[in-house]
Each structure stands twice: as structure tokens, then as C-alpha cells.
Amino acid sequence: QVQLVESGGGLVEPGGSLRLTCAASTTIFSMYHMGWYRQAPGNQREFVARITSTSSTIYADSVKGRFTISRDNAKKTIYLQMNSLKPEDTAAYYCNAVHQFRPNDQYWGQGTQATVSS
């Protein structure tokens, strides 16, 4: 069992920045692929960014060039640096963990709200 706790959400104006944090409880954090997903009211939960156990990264087209995902294995933490924020980035952001060899070993955090508005 892995617990994931997101933080760092808040209210920001268009063009501003936020840094989201996800802290994990597992002792084998380095063996998990990690990612961020988001869900706005009335929408499906959508992929935002992924960072693998070897630190390879993938981004959704909608955030490419604006968002950066990173991980700190010593701190058992991943981050999502969100720059040049747009109103359409407004959503609840969720942290996801998938074991690199066991794809059914997967966990979700509780979410943190990011709101981009004037």
C-alpha cells in the first residue's frame, strides 16, 4: 500500500505559476513511474505529465513547454512546476504511482485544486 499526498494548489492569475508537490510513503519509491493527472468539473480525468523510474518524461500536448515534472527519490517526492498558466489549466490535480514491473500496483492521491482566474 502506497499513500500519496498532493499539495501546492491555490489561486493564481493567468500567466502566473504554481508548483505542485506529491509526497509518497513507499520505501521503494525509486521503482515507481510517477505522474500527474487533472480533472475539471464536467470533464474526464486527463493525463498531464509522467516521469518514469529512470526519469524519462512525457507531457500532454496542452502543457508541453509550460509544465515541468521532476522527482527527488531521496525525498520520495515528485513535483509539477506549472508556468504560464491559463484559465483552462484550472482543475483538481492528482498524483499517480505505478510500479515499474507491476502495472496493477497503482495508486492515486486525493488531489489538490489549482484555479487560474483574474
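Colleague: How many aromatic pairs are there?
Modeller: This is a predicted model, and ring centres must lie within 6.5 Å to pair. By that rule, the count of aromatic pairs is three.

Colleague: Which class does the pair of Tyr-37 and Trp-108 fall in: stacked, tilted or edge-to-face?
Modeller: The ring centres of Tyr-37 and Trp-108 lie 5.0 Å apart. Planes over 60 degrees apart count as edge-to-face. The planes of Tyr-37 and Trp-108 stand at 70 degrees, so the pair is edge-to-face.

Colleague: How many residues apart in sequence are the parts that this pair ties together?
Modeller: Tyr-37 belongs to strand β4, residues 32-39. Trp-108 belongs to strand β10, residues 106-108. The pair therefore ties together parts whose separation in sequence is 71 residues.

Colleague: Which residues do ring pairs link into a cluster with Trp-108?
Modeller: Trp-108 itself is partly exposed, at 37% relative accessibility. Ring pairs link Trp-108 into a cluster with Tyr-37 and Phe-47.

Colleague: Which residue lies over the faces of both Tyr-94 and Trp-108?
Modeller: Over Tyr-94, the distance to the ring centre is 3.7 Å. Over Trp-108, the distance to the ring centre is 4.9 Å. In each case the residue over the face is Arg-45.

Colleague: Is Asn-96 buried or exposed?
Modeller: Asn-96 lies in strand β9, residues 91-99. Its relative accessible area is 4%. Buried means under 20%, so Asn-96 is buried.

Colleague: Which residue has its backbone oxygen 3.2 Å from a polar atom of the Asn-96 side chain?
Modeller: Among the residues that Asn-96 touches are Leu-4, His-33, Met-34, Tyr-37, Tyr-107 and Trp-108. The backbone oxygen at 3.2 Å from the side chain belongs to Tyr-107.

Colleague: Which two cysteines form the disulfide?
Modeller: The structure holds one disulfide. The sulfur atoms are 2.0 Å apart, and the cut-off is 2.5 Å. The cysteines that form the link are Cys-22 and Cys-95.

Colleague: How many residues apart are Cys-22 and Cys-95?
Modeller: Cys-22 lies in strand β3, residues 18-24, and Cys-95 in strand β9. Cys-22 is buried at 0% relative accessible area. Cys-95 is buried too, also at 0%. The pair links distant parts of the chain, with a separation of 73 residues.

Colleague: Which hand does this link have?
Modeller: A disulfide is a covalent bond between the sulfur atoms of two cysteines. The angle about the S-S bond of Cys-22 and Cys-95 is -85 degrees. The link is left-handed.

Colleague: How many residues does the largest nonpolar core have?
Modeller: Those with the most contacts inside the core include Leu-4, Met-34, Trp-36 and Leu-80. The elements giving two or more residues to this core include β3, β4, β5 (46-51), β8 (77-82) and β9. Its number of residues is 31.

Colleague: Which residue in the loop between β5 and β6 has a positive phi although it is not a glycine?
Modeller: Most residues other than glycine have a negative phi. The residue in question has a phi of about 70 degrees. With a relative accessible area of 43%, it is partly exposed. It is Ser-55.

Colleague: What is the phi of Ser-84?
Modeller: Ser-84 is found in the loop between β8 and β9. At 42% relative accessible area, Ser-84 is partly exposed. Although Ser-84 is not a glycine, its phi is positive, at about 50 degrees.

Note on methods: Residues numbered from 1 in each chain as written. Predicted model: local features only at pLDDT ≥ 70, side-chain atom pairs only at ≥ 80, totals over all residues. Heavy atoms only, no water. Helix = DSSP H or I, 4+ residues; strand = E, 2+ residues; numbered from the N terminus. Buried < 20%, exposed > 50% of the residue type's maximum accessible area, 1.4 Å probe, protein only. Polar contact = N/O pair within 3.5 Å; in protein donor to acceptor, adjacent residues only side chain to side chain. Contact = heavy atoms within 4.5 Å. Phe/Tyr/Trp six-rings, centres within 6.5 Å; stacked < 30°, edge-to-face > 60°. Lys NZ or Arg CZ within 6 Å of the ring centre and 35° of its normal. Core = buried A, V, L, I, M, F, W, Y, C linked by side-chain atoms within 4.5 Å. Lists of a residue's contacts leave out its neighbours within four places in sequence.
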